Structures are given as structure tokens and as C-alpha cells.
Amino acid sequence: MRTLSLAVLLVALLAPARLTAGVPVTASGAENSPVKPGRLVLFVGVDISGSFMNGIYFDDSIDFLARYIHAHLNGLGGMEIPNAMFVGSIGGVNKGEAKTLFPIQTFQDRSVEEIAAQLRVIFPRKKENPFTDFNAYFAQVAEMVDAKKLIMKPISIVLLTDGKPDLGGTSRSQKFRGIRLKPLENLSRNITLRVLYTDAVTAKGWRDEVPRKRVKVWTQDAIVMAEWKDPRTLVPGRTTATQQKFFSWVKDNVDFQPRLRRVN
């Protein structure tokens with residue numbers, strides 16, 4: 001009888017272990033669950049005009065963008081996984097020309113290298129456009145947000161460009177004041193435009209001369225952007241998921257949240 005009782009007790013003690021075998025458990029004892037997408041809507045525009053595509057920073061921008069997209073899609077380093085993402089060009093052959101916006105599924109479940117290869121297929125060097133039409137791109141962003149019913153979600157628009165407007169007037173000031181952010185104004189209470197790979201003078205034009213009421217503008221110079229691959233930031237020998245210095249650099253220099261500033 002004693003032997004039978006001990007056997008029953010042993011089975012009872014081992015039962016929970018069997019039920020939980022193979023189930024990942026966090027340090028706190030809770031089951032692991034995949035990081036869910038947030039509310040962020042991410043638009044990425046790549047300048048394919050000759051001035052940027054033939055410049056020294058185009059390849060660097062594509063390599064950075066591959067890591068940026070991969071990090072966001074996988075929630076690495078605390079980056080928010082987008083609810084939706086669209087990637088397209090901001091160059092034009094004709095004024096007002098619409099461009100294809102590639103959806104988030106084009107880049108999901110791919111490595112950094114695979115995303116970079118896909119970006120080079122989408123934006124081949126041999127297919128440059130004569131000029132940069134920012135207004136056509138912003139209008140298309142507004143149309144997509146409306147069509148996909150993404151209004152009132154936080155929106156981040158990331159432009160990889162030298163930032164120099166080709167349309168809108170004859171003088172430098174007129175060209176910047178001809179950039180129309182009005183189609184974006186009522187899309188969200190939280191909308192940020194990030195203009196990357198500019199120079200200091202062009203960046204100031206975006207911050208000080210582009211008319212806006214609700215759109216926050218953040219710029220980053222090309223010479224700073226190129227630091228993302230510095231060995232002190234992107235540490236050699238580490239896996240993509242453990243590049244904490246890179247993720248911190250992105251938060252401080254790219255995904256930084258600027259203050260709202262009205263420009264009339």
C-alpha cells in the first residue's frame with residue numbers, strides 16, 4: 001500500500017512539469033509572446049533623382065534603410081513595429097507623377113541582406129528620374145492613408161534624400177515655400193516628417209521655410225547619417241538583434257521626436 005501511495009504522489013508531482021514541457025517561459029514565469037504591431041504608420045520615400053542617386057550617399061542610404069526597416073519590423077531595440085508601412089520613390093519624370101508604394105509584406109520575414117537586395121531591385125541606379133517631386137509624394141501619402149482608413153494613427157514619413165526641391169519657384173526660398181505639407185495636416189494629431197541625408201543649409205530650409213501647422217519636421221545631415229556604420233555604433237561580430245548601440249543611435253538621430261513648430 002505504501003508503495004502504491006508513493007507512486008501516486010510521484011505522478012502528481014511530475015504532472016505539471018509534463019504539461020509545461022517545451023513551453024518558453026520568461027524570467028518572470030510568464031509565457032513568451034511575439035511583440036505585436038503598434039499604431040505607427042510608416043512611410044519611406046527614397047529620392048531617385050540624379051542629384052541624390054549619383055551622389056556619394058545613395059548606397060549608404062539603402063544599406064541604412066535595410067537595417068532600419070528590419071529593426072522596426074522585428075521590434076528590435078524597443079523600436080515600434082508598424083501597423084502599416086509603405087515604401088516608394090519621390091523622384092519624377094513628370095510633375096505630379098504617382099509612384100508605386102510597396103506595402104509592409106514586401107519586407108516582412110526577410111534578413112537585412114534580403115531587404116537591401118529588394119530595395120536595390122525597387123530603386124535601381126539605372127532608373128533615375130530627372131527631378132524630385134516632394135508634393136506629388138505627400139499627396140500620394142495622404143491618399144493612401146485615406147484609402148487604408150489609417151487616419152488618426154501616428155504617422156512617420158521618412159525621406160532619404162539630399163532634400164533639395166526642384167519645383168516651386170525660381171529662388172531657393174520660393175522652392176522651399178512651394179513644398180506643400182497641407183495634404184498631410186489633417187491625417188493625424190501626431191505626424192512627423194524626417195528628412196535624412198541633407199546638408200546643413202538644406203536642412204535649415206526644411207525647418208525654417210516649409211509652411212506647416214501640425215506636421216513636425218526633423219532633419220539629419222548626410223555626414224551624421226553616415227556614422228551609423230561606424231564600428232563604435234554598429235559593432236563588428238555582433239548579431240543584428242544585439243546591436244544595442246545602433247538602436248540607441250537610431251532613436252537619438254533618426255526616430256527622435258521633435259517639437260511642433262508652426263511656419264506660416
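**Close-ups of a predicted model**

R232 is exposed, with a relative accessible area of 66%. That makes a handy place to start this tour, and keep in mind that the whole thing is a predicted model.

**View 1. R232 and D230 meet in a salt bridge.** Here the side chain of R232 comes together with that of D230, with 3.1 Å from N to O. The partner, D230, counts as partly exposed, because its relative accessibility is 21% and the buried class stops under 20%. As a bit of background, side chains of opposite charge can pair when their charged atoms come close. Across the structure there are 9 salt bridges, and the next few views pick out some more.

**View 2. R172 and E209 tie distant parts of the chain together.** The closest N and O atoms of this salt bridge are 3.0 Å apart. R172 sits in helix 6 (residues 172-177), while E209 belongs to helix 7 (residues 200-209), and 37 residues separate the two. Is E209 buried or exposed? E209 counts as buried, with 16% relative accessibility. R172, on the other hand, is partly exposed at 38%.

**View 3. K204 and D208 pair up inside helix 7.** What separates these two along the chain? They lie 4 residues apart, which is about one turn of the helix. Their salt bridge has its closest N and O atoms at 2.6 Å. Both ends are partly exposed: K204 has 47% relative accessibility, and D208 has 24%.

**View 4. Four residues share a network of salt bridges.** Look for D59, D63, R120 and R125, which are linked together here.

**View 5. An open sheet is built from 6 strands.** Going across the sheet, the strand order is 4-2-1-6-7-8, and the pairing is mixed. Why do strand 4 (102-103) and strand 8 (216-221) each have one side without a neighbour in the sheet? They stand at the edges and each has a single partner strand, so nothing in the sheet lies beside the other side.

**View 6. Strand 1 pairs with strand 2 and with strand 6.** Strand 1 (residues 41-46) runs parallel to strand 2 (residues 84-89), with 6 bridges between them. In this pairing, G45 has G88 as its bridge partner. Strand 1 also pairs in the parallel sense with strand 6 (residues 155-160), again over 6 bridges. There, L42 is matched with S156.

**View 7. Strand 1 is covered on both faces.** How many of the 6 residues in strand 1 are buried? The count is 6 of 6, so the strand is mostly covered, given that buried means under 20% relative accessible area. In a regular strand, the side chains alternate between the two faces of the sheet. On one side of strand 1 you'll find V41, F43 and G45, and on the other L42, V44 and V46, all buried.

**View 8. Strand 7 runs parallel to strand 8.** Strand 7 covers residues 191-198, and 6 bridges join it to strand 8. To spot one matched position, find T198 and look opposite, where D221 stands in strand 8.

**View 9. A positive patch lies on the surface.** Which residues form this patch? The members are R180, K182, R189, K213, R214 and R262. R262 lies in the segment after helix 9 (244-253). R262 counts as exposed because its relative accessibility is 54%, and the exposed class begins over 50%.

Note on methods. Residues are numbered from 1 along each chain as its sequence is written. This is a predicted model: local features need pLDDT of at least 70, side-chain atom pairs count only at pLDDT 80 or more; totals for chains, interfaces and linings use all residues. Side-chain values use heavy atoms; hydrogens and water are left out. Patches are made of residues with over 30% relative accessible area and no salt bridge: like charges are joined within 9 Å, nonpolar side chains (Val, Leu, Ile, Met, Phe, Trp, Tyr) within 5 Å. Accessible areas come from the Shrake-Rupley method with a 1.4 Å probe; for residues, only the protein chains shown count as cover. Lys and Arg count as positive and Asp and Glu as negative; His and the chain ends are not counted. The place of a charge is taken as NZ of Lys, CZ of Arg, CG of Asp or CD of Glu. Buried means under 20% relative accessible area, exposed over 50%, partly exposed in between (1.4 Å probe, protein chains only). Two strands pair if DSSP finds at least two bridges between them.
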